[in-house]
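Me: Could you zoom in on one spot in this structure and tell me what sits around it? After that, walk me outward to whatever else deserves a look.

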Amino acid sequence: MSKRIGMEIALAAAEAVALCKPDVVAAYPITPNTHIPEHLSDIVAEGRIDTDFICVESEHSALSACCGASGAGARAFTATSSQGLLYMAEIVPVVPSMRLPIVMAIGNRAVSGPINIWNDHSDIMSQRDSGWISLFAADGQETIDMMIQAFKIAEHRDVMLPVNVNLDGFQLTHVVEPMMLPDQKEVDRFLPAYKPYAALHPDNIVSMGALGMPDIFNEAAMAKDQALINSKKVILEVWKEWEEQFGRKYEPIGAYRMKGAEVALLTLGSMGDTAEVAVDELRDKGVKAGLLKMKLWRPFPVEELIKAVKGLTSLAVIDRSAPFGGACGPVCAEVKAVLYDQKERPAITNHIIGLGGRDIVVGDFVKIVEQAISAQKKKPKEAYEIYGVRGS
Amino acid sequence: MEKAKKWPEKWQEVNPGCMVFRPGSTREYHTGTWRSQRPVYDTGKCIKCGVCYIFCPEGCITQDADGYFMADLDYCKGCGICAHECWPGAITMVEEG
Ligand code: SF4
Ligand code: SF4
């Protein structure tokens, strides 16, 4: 039976990973994800799981070690943040290309500079097109649940792709919350033992990661792209199984008070919970506001987005990562690309907020909704704004 | 036996992760087609020292029954390192026609 716990979310994430009994964990500490591998190493040292914990010298080695382990048929896990993810970047796209179902937790943190250890989404956004499935947790419970779901999705024979679970640095990693932690029996029932499609072994010869010349590269890219697009079917199935077993519902885009909504916010990660309070306040004032909380970032939930914005006149897309010279923030760029072909679509505004740990409070979301409504009458000069900048 | 395809015709035929299950299949790819120059060995000058064999980055030079060293032109990429290192001057690089 699931147990009610009060725990720091990073530790709970480690407990959830331990319930999945990984064969190999290789990680290098970097704030704010550190407590995840640190607690996992405690669990291994206590003998609670039979796992090889590899203390590597860098994130590049962490993911490389996971790559080798996964190639040999092991269930492998790693975790990182910010510059650590960037240091891994050479290996990041190789993992999905080799169809290795590694699971990685990302304690999202701003990419330098100036050097900053606090939260935003610039780390994962730099790797968004690498071919990983990307999930965003909004709170501690979602973090636990997604960690376990991630292994099942990744290892499914129709998927065989790595999954990263994003949890906001500090806002989630370092916060103590009440959560339900499933027990071993429940997780064993949900998550079958890993049966690799192929494993490096002298008795069954296989080459992984071979050279692909121009004659094959297009076809290999198409195969990788289709694998990712097709993974959505399995993700939805796994979420349905989760709901049936644990009673907690997961959707690519969660809706909060969207019934009859005319204006909506679209958020990723933990800021959704703050935005909920803002939507309540706006509704109390008679504003028909709603909230869309995106949980599935890759593969991008195209159909779900089209359905979710039906009936809206305004949509405020929140990005937690600056596009630096781009047309708009990464989330907004996708949203606009999807909605461009729709006959009826809301007026879209893009707000870059919470960079490098800048606090976002309920009032900020209220202001953003008001801005989005007024943008209908008077289109803003710029395609995006970096919200709350002193001097602007 | 039907000759195995060099590479998949369609994307649907690509093995997951481009995994290769036929050991040694790389040998079927003749990198010698990349070459613009070919080494020509003069057995009159060759002293059978094997320096070319040691330096060839492709590992495509082998010794024949008479002790002379020769490049396997299926794999020789024509880099010219053997000709540069052969101190008796037994190897000349000539343009492929
Ligand atoms: S030209 Fe280069 S590849 Fe060819 S035999 Fe000489 S060293 Fe080897
Ligand atoms: S380096 Fe020159 S002399 Fe020595 S074995 Fe090769 S071809 Fe002959």
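Reply:
**Ser134(A) and its surroundings**

Ser134(A) is buried, with a relative accessible area of just 3% (buried is under 20%, exposed over 50%, partly exposed in between, using a 1.4 Å probe and protein chains only). Before going on: this is a predicted model, where local features need pLDDT of at least 70 and side-chain atom pairs 80 or more, while totals for chains, interfaces and linings use all residues. Residues count from 1 along each chain as its sequence is written, chains are lettered from A and ligands numbered from 1 in the order written, and side-chain values use heavy atoms, without hydrogens or water.

Back to the serine. Ser134(A) belongs to strand E6 of chain A, residues 133–136 (helices, H or I with at least four residues, and strands, E with at least two, are DSSP runs numbered from the N terminus). The side chain of Ser134(A) makes a polar contact of 2.6 Å with that of Asn164(A) (N or O atoms within 3.5 Å; within protein, one able to donate a hydrogen and the other to accept it, and sequence neighbours counting only if both are side-chain atoms). Leaving out anything up to four places away in sequence, Ser134(A) touches Asn164(A), Asn166(A), Ile124(A) and the run Lys295(A), Leu296(A), Trp297(A) and Arg298(A) (contact means heavy atoms within 4.5 Å).

Two of those contacts give you a way outward. Take Lys295(A) and Leu296(A): they also turn up among the residues that Pro252(A) touches, along with Leu236(A), Trp239(A), Lys293(A), Met294(A), Pro301(A) and Glu304(A). Pro252(A) lies in the loop of chain A between helix H9 (214–246) and strand E9 (253–256). Pro252(A) counts as buried because its relative accessible area is 5%. The C-alpha atoms of Pro252(A) and Asp129(A) are 18 Å apart, with their positions 123 residues apart along the chain.

The other route goes through Ile124(A), whose C-alpha atom is 9.5 Å from that of Ala110(A), 14 residues away along the chain. Ala110(A) is in the loop between E5 and H6 of chain A, and at 4% relative accessibility this alanine is buried too. Its contacts, again skipping close sequence neighbours, are Ser82(A), Gln83(A), Asn116(A), Trp118(A), Asn119(A), Asp120(A), Ser122(A) and Gly356(A).

That loop, between strand E5 (103–108) and helix H6 (122–125), also holds Gly113(A). Check the backbone there: the peptide bond from Ser112(A) to Gly113(A) is cis, with omega near 5°. Another cis bond links Thr31(A) to Pro32(A), with omega about 0°. Pro32(A) sits in the loop of chain A between strand E2 (24–27) and helix H2 (35–45).

While you're looking at backbone angles, Arg99(A) isn't a glycine but has a positive phi of about 60°. Arg99(A) is in the loop between helix H5 (94–97) and E5, and it is buried at 13% relative accessible area. Lys21(A) isn't a glycine either, and its phi is positive at about 45°. Unlike a buried residue, Lys21(A) is partly exposed, at 43%. You'll find Lys21(A) in the loop between helix H1 (9–19) and E2.

H1(A) itself is largely enclosed by the rest of the structure, because 10 of its 11 residues are buried. Among the buried ones are Ile9(A), Ala14(A), Glu15(A) and Leu19(A). His39(A), in helix H2, touches Leu11(A), Ala14(A) and Glu15(A) once close sequence neighbours are left out. At 16% relative accessibility, His39(A) counts as buried.

Last stop, the ligands and chain B. Around ligand 1 there are 13 residues, and the closest are Cys56(B), Cys76(B), Cys79(B), Gly80(B) and Cys82(B) (near means a heavy atom within 4 Å). That shell splits into nine nonpolar, two polar and two charged residues (Ala, Val, Leu, Ile, Met, Phe, Trp, Tyr, Cys and Pro are nonpolar, Asp, Glu, Lys and Arg charged, the others, Gly among them, polar). Ligand 2 has its own cysteines around it, including Cys46(B), Cys49(B), Cys52(B) and Cys86(B), together with residues such as Tyr41(B), Lys48(B), Phe69(B) and Pro88(B). By class, the shell of ligand 2 has 10 nonpolar residues, one polar and one charged.
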